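Q: I should like to learn how salt bridges and solvent exposure are read from a model. Please take me through the features in turn.

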Amino acid sequence: PKYLDAWIGLGFAYEKLGNLNDSEICCRKAIEIRGDLNNIYDLCCVLRAQGKYKEAAKYLLQAKDLSKSESQKAQLLKEIEECRQQTQSGARRRESW
């Protein structure tokens, strides 16, 4: 369905239940309907919760580009850097195995 609020609500419900894969699917459906800052940021949160930092950073960059607030852009840049650090940290852990 094309009912945005239903996808958003279902995504939050799945997230609260710990079903992050289905929450991610719902967030992506919401973005298909309306790819705005809030929907993109919701997807970023779910991706980060799943440890998908590289993909989350890509969407955080999109969110930053959509933001009109300089303080919000600064916060999103900080979160992008955190994702990059997590990605690098994960790569170092895998190399040490």
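A: Let us start with one pair: K64 and D65 form a salt bridge through their side chains, with N and O 3.3 Å apart. The term denotes a side-chain nitrogen of Lys or Arg within 4 Å of a carboxyl oxygen of Asp or Glu. The model is predicted, so local features need pLDDT of at least 70 and side-chain atom pairs count only at pLDDT 80 or more, whereas totals for chains, interfaces and linings use all residues. Residues are numbered from 1 along each chain as its sequence is written, and side-chain values use heavy atoms, with hydrogens and water left out.

Q: Are K64 and D65 buried or exposed?

A: Relative accessible area decides the class: buried is under 20%, exposed is over 50%, and partly exposed is in between (1.4 Å probe, protein chains only). K64 counts as buried because its relative accessibility is 19%. D65 counts as exposed because its value is 55%.

Q: Which residues are joined into one network by salt bridges that share partners?

A: The general idea is that side chains of opposite charge can pair when their charged atoms come close. Here, shared partners join E24, R28, K52 and E55 into one network.

Q: How many salt bridges does a search of the whole structure find, and which parts does the pair K52 and E24 tie together?

A: The search of the whole structure finds eight salt bridges. In one of them, the side chains of K52 and E24 meet at 2.9 Å, N to O. K52 lies in the loop between helix 3 (37–49) and helix 4 (53–66) and E24 in helix 2, so the pair ties together parts 28 residues apart in sequence. Helices here are DSSP runs of H or I with at least four residues, numbered from the N terminus. E24 counts as buried because its relative accessibility is 9%, while K52, at 31%, counts as partly exposed.

Q: With which residue does R48 form a salt bridge?

A: The partner of R48 is E82, and their closest N and O atoms are 3.1 Å apart. This pair links distant parts of the chain, since R48 is in helix 3 and E82 in helix 5 (residues 70–96), 34 residues apart. R48 has 22% relative accessibility and counts as partly exposed; E82, at 30%, also counts as partly exposed.

Q: Where is G18 found?

A: G18 is in the loop between helix 1 (4–16) and helix 2 (20–33). G18 counts as exposed because its relative accessibility is 54%.

Conventions. Helices (H or I, at least four residues) and strands (E, at least two) are DSSP runs, numbered from the N terminus.
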